2 protein chains.
Amino acid sequence: MSIPIPTVKRLPSYLRILTQRKELGEDHISATLLAEELGLKPIQVRKDISLTGIEGKPKVGFEIDKLIKCIIHVLGWDNTTDALIVGAGHLGSALARYDGFSAYGLRIVAIFDKDQEKIGKKIGDLLVRPMEDLNSYIAENRISIAVITVPALQAQAVSDLLVKCGIRGIWNFAPKDLKVPCNVVLQRTDLATSFAVLSVKLGRKIQDEDELLDDFDMI
Amino acid sequence: MSIPIPTVKRLPSYLRILTQRKELGEDHISATLLAEELGLKPIQVRKDISLTGIEGKPKVGFEIDKLIKCIIHVLGWDNTTDALIVGAGHLGSALARYDGFSAYGLRIVAIFDKDQEKIGKKIGDLLVRPMEDLNSYIAENRISIAVITVPALQAQAVSDLLVKCGIRGIWNFAPKDLKVPCNVVLQRTDLATSFAVLSVKLGRKIQDEDELLDDFDMI
């Protein structure tokens with residue numbers, strides 16, 4: 001059974017709440033409470049969870065332990081996935097050291113750069129490797145996921161190279177819309193788009209209030 | 001005139017392509033070419049651009065310089081916005097040093113943490129400040145945007161504090177669904193959700209191919 005992507009997107013949030021509740025010593029949770037914590041409708045939460053195959057009990061709700069295990073399995077986070085990073089700039093270095101990934105089964109095992117001054121230096125526990133080693137590293141370590149944190153102008157060339165080396169999943173942080181073959185999965189995290197939405201919404205809110213103030217002035 | 005948020009989300013991509021083309025020495029671009037570069041439909045691009053008030057000319061298309069200026073203005077990126085970061089961990093430090101923000105008018109001017117070992121240390125050009133100084137700093141420097149990079153369990157308390165100090169826009173990187181009053185704009189960038197989608201899609205693709213191979217075996 002294939003779980004729809006909008007549900008997949010909500011699963012990490014359920015997982016967070018469930019883990020928090022578990023840490024508080026609780027063993028069951030209701031769909032209503034989960035919905036409340038996340039600002040969702042209870043019917044949505046019930047539908048999402050039923051898609052994972054877990055059933056709740058009347059009055060007590062869902063068994064937290066069982067639901068956590070099930071969500072982790074659905075997301076494929078029960079097997080640790082090794083990934084590498086290309087681009088040892090500020091963002092790449094940060095992601096290489098970021099300890100939040102392990103919670104979702106992602107382990108950064110290598111970082112590559114073409115800059116001679118960066119190669120050989122240490123970022124956390126990882127040595128920065130030269131691009132020439134990329135192909136053999138991917139083959140020898142059977143890496144399927146790569147994170148791209150190079151500048152926009154180099155991102156497509158790096159992506160093409162990764163695909164040629166056998167990478168099947170690309171997580172792109174470069175501000176560039178990449179083209180990949182249809183057998184490769186591309187996910188993008190774009191800080192510019194997030195900030196665009198934030199600044200436009202904020203601008204509108206402040207403008208609305210100013211207009212409201214103007215109206216008061218006229219009274 | 002209020003530009004719809006889906007259009008706002010595409011504007012940074014247009015801006016990137018336009019800037020690249022400008023650097024190549026070009027002065028006009030067609031909606032068809034913009035659409036092609038971004039994998040969008042030309043009619044979508046034309047609609048988005050017409051919402052900014054810019055008109056193209058038949059055969060030559062849009063004037064690149066004019067369109068760049070207009071998009072930057074619509075996004076409010078022509079005025080530099082000062083923002084502060086709360087949470088000087090790996091992600092917070094990386095964002096403090098990240099030089100990609102300046103392209104969209106965001107300047108990180110301060111970083112705060114409650115950890116005595118971090119306070120007073122330098123991250124790039126910024127000193128890590130104690131949480132006790134947050135209120136006065138926001139008031140004195142008229143900061144309206146804050147970036148949250150603290151652990152999930154502390155995120156809501158930090159958000160409440162920021163709102164109390166007068167922050168109007170919150171960019172949340174903590175894996176936590178925050179509740180803010182309706183006069184505050186909240187934007188979330190969640191690495192867990194992005195990776196969830198990537199790993200589920202990749203898992204499905206590999207499974208589909210395995211099944212395809214199984215089918216071949218049976219022939």
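How many cavities of 30 Å³ or more does a search of the whole structure find? The points below take up this matter together with the interface and the largest pocket.

1. The model under review is a predicted one. In answer to the opening question, the search of the whole structure yields 1 cavity of 30 Å³ or more. The space in the largest cavity comes to about 50 Å³.

2. The largest cavity is lined from both chains: Leu91(A), Leu95(A), Phe173(A) and Leu191(A) contribute to its wall, as do Leu91(B), Leu95(B), Phe173(B) and Leu191(B). The elements giving two or more residues to this lining are α5 (90-97) of chain A and α5 of chain B. By class, the lining holds 8 nonpolar residues, with no polar and no charged ones.

3. Regarding the interface, 62 residues of chain B are in contact with 62 residues of chain A. Between them the two chains bury about 5700 Å², and 65% of this area is on carbon and sulfur atoms.

4. Specific polar pairings across the interface deserve attention. The rule finds 2 salt bridges between chain B and chain A. In one salt bridge, the side chain of Arg16(B) meets that of Asp177(A), at 3.4 Å from N to O. Across the interface, 14 residue pairs are in polar contact, both residues being at pLDDT 80 or more.

5. On the side of chain B that touches chain A, the elements giving two or more residues are α1 (5-23), α2 (31-38), α5 (90-97), β8 (169-172), β9 (185-188) and α8 (191-218) of chain B. Of these, α8(B) gives the most, with 16 residues. This side of chain B is made up of 33 nonpolar, 12 polar and 17 charged residues.

6. The largest pocket has a volume of about 1300 Å³. Its lining comprises 42 residues, and those nearest its centre are Lys9(A), Arg188(A), Thr193(A), Ser194(A) and Lys9(B). Both chains take part in the lining: α1 (5-23), α2 (31-38), β9 (185-188) and α8 (191-218) of chain A each supply at least two residues, as do α1, α2, β9 and α8 of chain B.

7. The linings of the two spaces may be set side by side by class. The lining of the largest pocket divides into 12 nonpolar, 13 polar and 17 charged residues, whereas the lining of the largest cavity has 8 nonpolar residues and no polar or charged ones.

Notes:
Residues are numbered from 1 along each chain as its sequence is written. Chains are lettered from A and ligands numbered from 1 in the order in which they are written. This is a predicted model: local features need pLDDT of at least 70, side-chain atom pairs count only at pLDDT 80 or more; totals for chains, interfaces and linings use all residues. Side-chain values use heavy atoms; hydrogens and water are left out. Contact means heavy atoms within 4.5 Å. Buried area is the accessible area (1.4 Å probe) that two parts lose on being put together, summed over both. A salt bridge is a side-chain nitrogen of Lys or Arg within 4 Å of a carboxyl oxygen of Asp or Glu. A polar contact is a pair of N or O atoms within 3.5 Å; within protein, one must be able to donate a hydrogen and the other to accept it, and residues adjacent in sequence count only if both atoms are side-chain atoms. Helices (H or I, at least four residues) and strands (E, at least two) are DSSP runs, numbered from the N terminus. Ala, Val, Leu, Ile, Met, Phe, Trp, Tyr, Cys and Pro count as nonpolar, Asp, Glu, Lys and Arg as charged, and the others, Gly among them, as polar. On a 1 Å grid over the protein atoms alone, a cavity is a set of points where a 1.4 Å probe fits but cannot get out, and a pocket is an open set with protein on both sides within 12 Å along at least five of seven lines; lining residues have an atom within 4 Å of a point. Grid points are joined across faces, edges and corners, and a volume is the space filled by probe spheres set on the points.
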